[in-house]
Amino acid sequence: QVQLVESGGGLVQAGGSLSLSCAASGRTFSSYHMAWFRQAPGKEREFVATITRSGDTTYYADSVKGRFTISRDNPKNTVYLQMNSLKLEDTAVYYCAAQRYYSPTNYAAYAYWGQGTQVTVSS
């Protein structure tokens, strides 16, 4: 069992930056591939970024590539999402998720989810 708690969301102007964190409980954090998804009002949940167990491989949605960076600190049981050059369309609730078997963009393959943190980008 893994419990995930996101933090760091808030209100930011377009062009600004925000950093999200996701703290995981348990001693098996390094066994899980981690990801960030987001869901805007009236839209489906969409994949944002993923990082493998060891942190050696990352993968991004085209919409955030070059602007967002996912990273993890296994001793601290934490995964991060650094978001730069934020756009209005980045406004959403951001969720972190954990999976044992690598299927990065398939949200149904993630067994554990956080409660989400709101990110709002204003003009």
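These legends walk through several close-up views of a predicted model. Residues are numbered from 1 along each chain as its sequence is written, and side-chain values use heavy atoms, with hydrogens and water left out. Because the model is predicted, local features need pLDDT of at least 70 and side-chain atom pairs count only at pLDDT 80 or more, while totals for chains, interfaces and linings use all residues.

**View 1. The whole protein chain has eleven strands and zero helices.** Strands (E, at least two residues) and helices (H or I, at least four) are DSSP runs, numbered from the N terminus. Read from that end, the elements run β-β-β-β-β-β-β-β-β-β-β. The radius of gyration, taken over C-alpha atoms, is 13 Å, close to the 14 Å that the globule rule gives for 123 residues, so the chain is as compact as a globular protein of that length. That rule is 2.2 Å times the number of residues to the power 0.38. Along its principal axes, the C-alpha trace spans about 40 × 25 × 25 Å. Of the 123 residues, 43% are buried; here buried means under 20% relative accessible area, exposed means over 50%, and partly exposed lies in between (1.4 Å probe, protein chains only). The accessible surface comes to about 6300 Å², with 48% of it belonging to carbon and sulfur atoms; these areas come from the Shrake-Rupley method with a 1.4 Å probe, and for residues only the protein chains shown count as cover. Among contacts (heavy atoms within 4.5 Å) between residues at least 6 apart in sequence, 57% join residues at least 24 apart.

**View 2. Four strands form an open sheet in the order β1-β3-β8-β7.** The pairing in this sheet is antiparallel, and two strands count as paired if DSSP finds at least two bridges between them. At the edges are β1 (4-7) and β7, each pairing on one side only. Neighbouring strands are turned by 15° against each other on average, direction ignored; the axes are lines fitted to C-alpha atoms, for helices over the stretch in contact, and angles run from 0 to 180 degrees between N-to-C directions. Four bridges join β1 to β3 (residues 18-24), and here Val-5 stands opposite Ala-23.

**View 3. Strands β7 and β8 run antiparallel and are joined by six bridges.** Phe-68 stands opposite Met-83 in β8. In a regular strand the side chains alternate between the two faces of the sheet. Look along β7 for this: Phe-68, Ile-70 and Arg-72 point to one face and are buried, while Thr-69, Ser-71 and Asp-73 point to the other and are not buried. The hairpin of β7 and β8 has four residues between the strands, and Asn-77 takes a positive phi near 55° in this hairpin.

**View 4. Strand β11 (residues 117-122) pairs with β2 in the parallel sense.** Four bridges connect β11 to β2 (residues 10-13), with Leu-11 having Thr-120 as its bridge partner. Strand β9 (residues 92-99) also pairs with β11, in the antiparallel sense over three bridges, and Tyr-94 stands opposite Thr-117. The side chains of β11 alternate as well: Thr-117, Val-119 and Val-121 are buried on one face, whereas Gln-118, Thr-120 and Ser-122 point to the other and are not buried.

**View 5. Arg-38, Glu-46, Arg-67 and Asp-90 are linked in a network of salt bridges.** Side chains of opposite charge can pair when their charged atoms come close. A salt bridge here is a side-chain nitrogen of Lys or Arg within 4 Å of a carboxyl oxygen of Asp or Glu, and a search of the whole structure finds four. Start with Glu-46 and Arg-38, which meet at 2.6 Å, N to O. Glu-46 is partly exposed, with a relative accessible area of 35%, and Arg-38 is buried at 5%. Arg-38 also forms a salt bridge with Asp-90, the closest N and O atoms being 2.9 Å apart. Arg-38 lies in strand β4 (residues 33-39) and Asp-90 in the loop between β8 (78-83) and β9, so the pair ties together parts that are 52 residues apart in sequence.

**View 6. Asp-90 also forms a salt bridge with Arg-67.** Their closest N and O atoms are 2.8 Å apart. Arg-67 lies in the loop between β6 (58-60) and β7 (68-73), so this pair ties together parts that are 23 residues apart in sequence. Both residues are buried: Arg-67 has a relative accessible area of 11%, and Asp-90 has one of 1%.
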